[in-house]
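Here is a short set of exercises to work through with the model open beside you. Try each task before reading its solution.

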Amino acid sequence: MKKTILVTGGTGYIGSHTVIALQEQGYNVIIVDNLSNSEEEVIYNIEKITHILPVFEKIDLVDEQACEALFNNYAIDAVIHFAAYKYVNESVNEPLRYYKNNFHSILNVLTEMQKHQIKNLVFSSSCTVYGTPDSLPVTENSPIKKAMSPYGNTKQVIEEVLEDCCKANNNLFVTSLRYFNPIGAHPSLKIGEVAKGIPPNLLPYLTQTVIGKREYLSVFGNDYDTPDGTCIRDYIHVSDLADAHVCAIQRMIEKNTISNYEVFNVGTGIGYSVLDIVHTFEKVNNLKVNYQIKGRREGDIAKIWADTRKANELLKWKAKYSLEDMLKTSWEWEKVMANKK
Ligand code: NAD
Ligand code: WQD
């Protein structure tokens, strides 16, 4: 029998790519999203790719009663919880809005899962939990440092909540995936990242600069302790990241886990600097990026990349896309969006 996966935040950037990966592997998908950072049209774009229209429920998961009704209406085998606010800067300025949304939604989901004896959950965590690492690459056992933002704090605290729930209930299986820096768009170019307002992240800002929406890209600092002085990150194609969720779901459903709470880094294991990104983007797309070196951005760490061996071995997952492919799809997607307007 086909398993049914509830995908919260499923019209969002990573969620929508994961819905496609799940449908392609034969899962039934129910999307729940309040559309606070995405559009309903995403479900029709998913249908264009997979020829399956996912069930869609427009619900705010902070609303306890709406969340209860949702779980009463469907027989669910597993949940992937993407729904959250995700911008570091915004969280510094509006901590309560972030704490309320990100905590209440997961607590409501966990409460309903317990009531309905739903055993499997994948949680969207982040490399932000490592703060400034002592050594590289970071493994899942690297120390968790004090969070540098309310957003980061929500990820750290929710990981603890999940571990506590798993300790209290042997029948609950949870996987936290610590994503590194997702970029790129689905190769069909029917879905991708839709940045509302001025994007704080590197790739959408870069592509918006090249398309002419922004004057220039600020490179935040070139005096870091890295080969070219700019910060190093582990960029991963969003479709590779999506596949890791399917592997995590399979592992839990098949009861292949070593313990009922597991954590995995999801990155490529390769670090690229901001200038590597700029210059590779220019090369693969045959374009110039108008950029200026500016001062450091508060809160940025110099370098981080993942040790991915645990995910490679236990999830049987490995990133496939090259940096060149990631940067090509990022640019192609920006052009698709520009043509829509
Ligand atoms: P996104 O904003 O594109 O998607 C999140 C979706 O959740 C949106 O569609 C939004 O409308 C929905 N949502 C938010 N609050 C909700 C609520 N209360 N009820 C129902 N729906 C709600 O973000 P994304 O980039 O796809 O990120 C997905 C998850 O991955 C988030 O938890 C984020 O913190 C985490 N993450 C993202 C990144 C990244 O760089 N994109 C990196 C690490 C972790
Ligand atoms: C990447 C690099 C910037 C914009 C954030 C969150 C993290 C995770 C992923 C959710 C940095 C530089 C950026 C620009 C630049 N999200 N940059 N000019 O900060 O690594 O990670 O997204 O969990 O928690 O913190 O990603 O894309 O903002 O920055 O020079 O206009 O690009 O300084 O070195 P970051 P980013």
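**Exercise 1. Find the residues that line the largest cavity, and sort them by class.**

Solution. Start with the lining: Y87, E193, A195, K196, I198, P199, P200, N201 and P204 surround the largest cavity. Here a cavity is a set of points, on a 1 Å grid over the protein atoms alone, where a 1.4 Å probe fits but cannot get out, and lining residues have an atom within 4 Å of a point. Next, sort them: 6 are nonpolar, 1 is polar and 2 are charged. In this scheme Ala, Val, Leu, Ile, Met, Phe, Trp, Tyr, Cys and Pro are nonpolar, Asp, Glu, Lys and Arg are charged, and the others, Gly among them, are polar. Finally, the volume is about 30 Å³, and a search of the whole structure turns up 1 cavity of 30 Å³ or more. Volume means the space filled by probe spheres set on the grid points, which are joined across faces, edges and corners.

Before going on, two notes on conventions. This is a predicted model, in which local features need pLDDT of at least 70 and side-chain atom pairs count only at pLDDT 80 or more, while totals for chains, interfaces and linings use all residues. Residues are numbered from 1 along each chain as its sequence is written, chains are lettered from A and ligands numbered from 1 in the order in which they are written, and side-chain values use heavy atoms, with hydrogens and water left out.

**Exercise 2. Describe the surroundings of ligand 2.**

Solution. First, list the neighbours: of the 18 residues around ligand 2, S126, Y151, S218, R233 and D300 come nearest. A residue counts as near if one of its heavy atoms lies within 4 Å. By class, this shell holds 10 nonpolar, 5 polar and 3 charged residues. Strand β8 (residues 217–220) gives the most to it, with 4 residues; strands (E, at least two residues) and helices (H or I, at least four) are DSSP runs, numbered from the N terminus.

Then look for polar contacts (pairs of N or O atoms within 3.5 Å; within protein, one must be able to donate a hydrogen and the other to accept it, and residues adjacent in sequence count only if both atoms are side-chain atoms). A polar side-chain atom of Y151 is 2.5 Å from an oxygen atom of ligand 2. For L202, a polar backbone atom lies 2.8 Å from an oxygen atom of the ligand. The side chain of N201, a residue that also lines the largest cavity, has an N or O atom 3.1 Å from a ligand 2 oxygen. The protein covers 87% of the 690 Å² of accessible area that ligand 2 has on its own (Shrake-Rupley method, 1.4 Å probe; for residues, only the protein chains shown count as cover).

**Exercise 3. Which residues come nearest to ligand 1, and which element gives the largest share of its shell?**

Solution. Of 28 residues around ligand 1, D33, N37, S38, N101 and Y151 come nearest. The largest share, 3 residues, is from β5. Now check the contacts: a side-chain N or O atom of D33 is 2.6 Å from a ligand 1 oxygen, and a polar backbone atom of F82 is 2.8 Å from one. The protein covers 94% of the 820 Å² that ligand 1 has accessible on its own.

**Exercise 4. Is N102 buried or exposed?**

Solution. Locate N102 in helix α5 (residues 95–115). N102 is buried because its relative accessibility is 2%, and buried means under 20% (exposed is over 50%, partly exposed in between; 1.4 Å probe, protein chains only). Its side chain makes a polar contact of 3.3 Å with that of N101.

Definitions and conventions. On a 1 Å grid over the protein atoms alone, a cavity is a set of points where a 1.4 Å probe fits but cannot get out, and a pocket is an open set with protein on both sides within 12 Å along at least five of seven lines; lining residues have an atom within 4 Å of a point.
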